[in-house]
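Reader: Before the terms applied to this model are accepted, I should like to see how each of them is justified. Please take them in turn.

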Amino acid sequence: MAELIELSSKQHANLKVNIHAEADFASNQHVMNLRVSEVGMSVSSFPVFFTRNPQNGEWGISAVTSFEAGKNLFVENQQWTATYKPNGMQTYPLYLMRSPKNDNSYTIGIDESNPVFSKEEGEQFFDIDGKATPYLHQKTKLLEADIKNDMQTYEFTRHIDSLNLFKAIDLLVSYENGTVQTLKGLHTIDEDKLQALTAEQLFELNRKGYLSPIHGMLLSIYQLNLLVNKNNANTDFLPVKNIKLEINRPNHI
């Protein structure tokens, strides 16, 4: 990520954001980051899986939006077509950053070199009095909630990991032209291990509110059929013949 600077009513009084910024950002995201608080709404539109950050090894939650990297089936003519819009898309192009005045607090940061910004037209951050516009208020509220939501997601995935419930799967996509593409790095819940948990472990999952997103993610796998239908209805994408989920078994020497 490019270097962020703090959003300022003085420095950025006339700065505007392209009205299509969110959709343009999402258009090349075939996997979109989610928080656990979003799972219940996201599964109405996407298959949702666990993924692991290759840099730090931390678990996350992701919505799959197409079978091809760099493409998104839910963006058409710079418009978002899914029922749910992920928070990471809604807050773009703003980010939380450490305050340059206080290391213990956060502020709103932007990448000034991002082409979505201009002084000509678009959504404005500040009014003529230098006060935040409703647009900025909404974005700020979402970003502030992300602090809590990120912690909840970390605790959720850590608990799932402690119970050894993650199951690695490969998504095999067979195209009409005979080619096969394999999407790796996806994980879901191991249902056999889930059913084998003790009553105490299940009670704890329920007490923490984790059973609902667990079952939601399991059911969301059926949304892969929606992706196939959307893919095959779009002439810009290779027609898919079928898809298959395979358990990814680590090699043993």
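Author: The model is a predicted one. A suitable starting point is Ser174, which has its place in strand E12.

Reader: Why is Ser174 called buried?

Author: Its relative accessible area is 17%. The term buried applies under 20%, so Ser174 qualifies.

Reader: Which residues are in contact with Ser174, its neighbours within four places in sequence left aside?

Author: They are Thr179, Val180, Val240, Lys241 and Asn242.

Reader: What makes Phe50 and Phe166 an edge-to-face pair?

Author: Their ring centres are 4.8 Å apart and their planes stand at 75 degrees. Rings pair if their centres lie within 6.5 Å, and planes over 60 degrees apart count as edge-to-face, so both conditions are met. Phe50 belongs to strand E4 (residues 48–52) and Phe166 to strand E12, and the pair links distant parts of the chain, 116 residues apart. Both Phe50 and Phe166 are buried.

Reader: Why, then, is the pair of Phe74 and Trp80 called tilted?

Author: Here the centres are 6.1 Å apart and the planes lie at 40 degrees. That distance is within 6.5 Å, and the angle is neither under 30 degrees nor over 60, so the pair is tilted. Phe74 and Trp80 are both buried.

Reader: How many aromatic pairs does a search of the whole structure find, and which residues do ring pairs link into a cluster?

Author: The search finds ten aromatic pairs. The cluster consists of Phe50, Trp59, Phe156, Phe166 and Tyr210.

Reader: Which residues have the most contacts inside the largest nonpolar core?

Author: They are Ile61, Phe67, Trp80, Leu205 and Ile214, in a core of 49 residues. Strand E12 gives the most to this core, with five residues. Another core, of 15 residues, lies apart from it; Leu7, Ile108, Val116 and Leu136 are among its members. In soluble globular proteins, nonpolar side chains tend to be buried together.

Reader: What does Leu205 touch, residues up to four places away in sequence not being counted?

Author: Leu205 touches His159, Ile160, Leu163, Leu194, Leu197, Tyr210, Leu211 and Ile214.

Reader: How do you know that the end-to-end distance of helix H4 agrees with its number of residues?

Author: H4 covers residues 134–162, which is 29 residues, and at 1.5 Å a residue it should span 42 Å. Its end C-alpha atoms are 42 Å apart, so the two values agree. H4 also bends by about 30 degrees at Ile147. The helix is followed by Asn164, whose phi is positive, near 55 degrees.

Reader: What makes E1 and strand E9 a pair?

Author: Two bridges join E1 to E9 (residues 106–110). Pairing requires at least two bridges, so the condition is satisfied. The strands run antiparallel, and Ile5 stands opposite Ile110 in E9.

Reader: Why are E1 and E8 called edge strands?

Author: The open sheet has three strands in the order E1-E9-E8, with antiparallel pairing. Strand E1 (5–6) and strand E8 (95–98) each pair on one side only.

Reader: Which strands form the open sheet that contains E2, and how many bridges join E2 to E11?

Author: The order is E10-E2-E11, again with antiparallel pairing. Strand E10 (117–118) and strand E11 (123–124) are its edge strands. Two bridges join strand E2 (residues 16–17) to E11, and the bridge partner of Val17 in E11 is Glu123.

Methods
Residues numbered from 1 in each chain as written. Predicted model: local features only at pLDDT ≥ 70, side-chain atom pairs only at ≥ 80, totals over all residues. Heavy atoms only, no water. Helix = DSSP H or I, 4+ residues; strand = E, 2+ residues; numbered from the N terminus. Core = buried A, V, L, I, M, F, W, Y, C linked by side-chain atoms within 4.5 Å. Buried < 20%, exposed > 50% of the residue type's maximum accessible area, 1.4 Å probe, protein only. Contact = heavy atoms within 4.5 Å. Expected span 1.5 Å × (residues − 1). Bend = angle between axes of the 7 residues up to and from the residue. Phe/Tyr/Trp six-rings, centres within 6.5 Å; stacked < 30°, edge-to-face > 60°.
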